[in-house]
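User: Could you take a close look at the salt bridges in this structure for me? I'd like to know which side chains pair up and how buried or exposed the partners are.

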Amino acid sequence: MNYLKKRWAGLGASSALETLQLFLISLFCLECVIGGSGRIISFGYFSLRIILFMVCFFLTLPAVWRARTQLLHQTYTWIWAAFFLLLALYAVRGLRSGYPFSFVKQDVTIFLTLLLYPAFVICLNTRARVQWIVDVLYGGAILVAVVTLGLHVALAFASKAELTAINNFLNHTSYGGLALLGTSYYRIYLKSQMFLQVAILLGLHKIIAATSRRSKVFFLICEVVLVYATILSYTRGFWLGLAISCIILLLCCLRNWKKYLTTLAISLAGVACMFVISYCLYGSNVAFHTFTARVTGTAIDCLVDGSDNAIANPGNANGNKPSAGLSATQELIAKNSIAAQNLREATMEEHERLIAADPFWGYGLGKNLDGIRTDGRTEYTYLDLYMKLGLIGFLLFALVFCWHCTDALKLCFRRKKGVKGDVELVSTYLMAGYVGILVTSYLNPFLTSPMGIMLLLTLIISVKQDRLNRLPSAPIADCQ
């Protein structure tokens with residue numbers, strides 16, 4: 001507690017209003033990390049996340065207005081403004097095309113968190129404040145990892161009714177869910193697990209930067225917990241994103257390869273111990289077997305149901321049938337996998353057809369794949385946006401969401417002489433983790449959620465501080 005008080009005092013808030021602003025932004029970031037879809041705590045239509053967003057936006061508006069001249073001198077501000085103008089135009093086009101208002105509204109509101117860009121830049125304007133937000137992200141991800149491991153332990157002893165209750169809670173709050181895999185093991189999927197891959201890279205940064213043996217050991221333990229929680233998600237998109245993030249980080253910070261290799265060896269040893277613990281809990285090597293099955297693509301899943309442990313949604317199987325000789329549950333799992341694969345294929349084909357028909361202008365926000373989907377969105381994030389915004393709109397989207405990745409790369413490869421290693425370049429580690437999210441978001445709309453946008457905003461302020469030669473900087477403007 002004393003440590004947190006000392007860190008908070010180091011943020012340099014000069015007034016009660018500024019303290020409140022920093023506190024609410026920190027709370028908003030923490031909720032984005034640990035809150036999943038943001039519906040765990042809600043008051044009717046309004047969730048805690050929406051309330052925090054609105055309070056942060058309006059409370060920082062005076063400070064943003066006073067610093068408007070400085071913001072307008074930044075190229076990214078104009079790109080940001082142009083993107084919102086384009087969203088407004090395409091929302092009008094969608095409404096005039098007769099698309100459901102709820103679909104148009106949905107496509108607009110997913111980007112509203114971007115409105116906090118000026119607040120982040122103006123209020124999180126010193127190195128200490130940026131590091132505080134990065135640590136909030138890291139600490140929140142560790143909490144998500146602990147929850148994942150806790151569920152892993154609980155499932156080893158849970159009854160059928162308890163499994164159903166856990167799954168119902170996760171589904172009701174849109175936090176995640178359980179899925180019965182073909183290995184008879186329950187996959188633990190939490191939407192907040194997207195931050196685990198980012199936290200693993202931040203953990204590398206902390207391990208390398210640690211000045212005492214005690215803190216290094218602590219961060220190594222956290223690294224093992226984060227890696228094992230990522231494995232227990234059994235989400236190949238997360239694994240692929242993490243792998244790409246690690247490759248990018250290695251290429252950017254090749255001089256640290258020995259430290260990375262040492263950390264990897266220790267982490268793998270720790271993960272091996274975790275698998276042994278799982279073996280003791282479950283009485284078999286089902287956790288490791290499921291891991292290898294997911295890697296090879298032989299483990300398929302379906303949702304948990306109180307009546308038969310699985311819910312099948314065959315949909316249009318196009319004549320495909322599960323193999324003979326399967327148990328009832330395995331057959332349901334196989335049918336569910338076939339239906340999901342058919343839906344993905346049909347969705348991608350329809351996306352490609354519509355894009356080919358109008359690749360330049362797009363169809364407007366709210367466009368739905370009629371006959372295939374009924375929710376106005378698909379999990380193919382980039383194809384969905386390209387279809388709705390067209391080529392120009394999609395390129396503008398790419399500029400908004402990738403602009404600071406190139407800035408981070410420039411900073412990494414133009415290090416100031418005399419600075420030892422890459423330890424202080426937090427933006428390099430954040431950028432590598434963020435690119436992993438870009439990859440993961442191809443099949444899941446993480447990037448265009450408040451969680452992904454919050455990560456983008458954190459990358460932006462980190463790059464801005466690292467651009468100032470990694471030295472404590474004077475505030476851009478008083479956040480009051």
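Analyst: Let's start with D375, which is partly exposed at a relative accessible area of 36%. Its side chain meets that of R373 in a salt bridge, with 3.7 Å from N to O. R373 has 14% relative accessibility, so this partner counts as buried, the cut-off being under 20%. Keep in mind that this is a predicted model.

Now move on to helix α16, which covers residues 381–413. Here D384 and K388 sit 4 residues apart, about one turn of the helix, and their side chains form a salt bridge at 3.0 Å, N to O. Are these two buried or exposed? D384 has 6% relative accessibility and counts as buried, and K388 is buried as well, with a relative accessible area of 0%.

Helix α16 also holds D407, one half of a pair that links distant parts of the chain. The other half, R467, belongs to helix α18 (residues 450–467), and the two are 60 residues apart. Their side chains meet in a salt bridge with an N to O distance of 3.0 Å. R467 is partly exposed, with a relative accessible area of 39%, while D407, at 12% relative accessibility, counts as buried.

There's a network to look at too: salt bridges that share partners join R7, D135 and K206 into one. And how many salt bridges turn up in a search of the whole structure? That search finds 11, including the D375 and R373 pair we began with.

Notes
Residues numbered from 1 in each chain as written. Predicted model: local features only at pLDDT ≥ 70, side-chain atom pairs only at ≥ 80, totals over all residues. Heavy atoms only, no water. Salt bridge = Lys/Arg side-chain N within 4 Å of Asp/Glu carboxyl O. Buried < 20%, exposed > 50% of the residue type's maximum accessible area, 1.4 Å probe, protein only.
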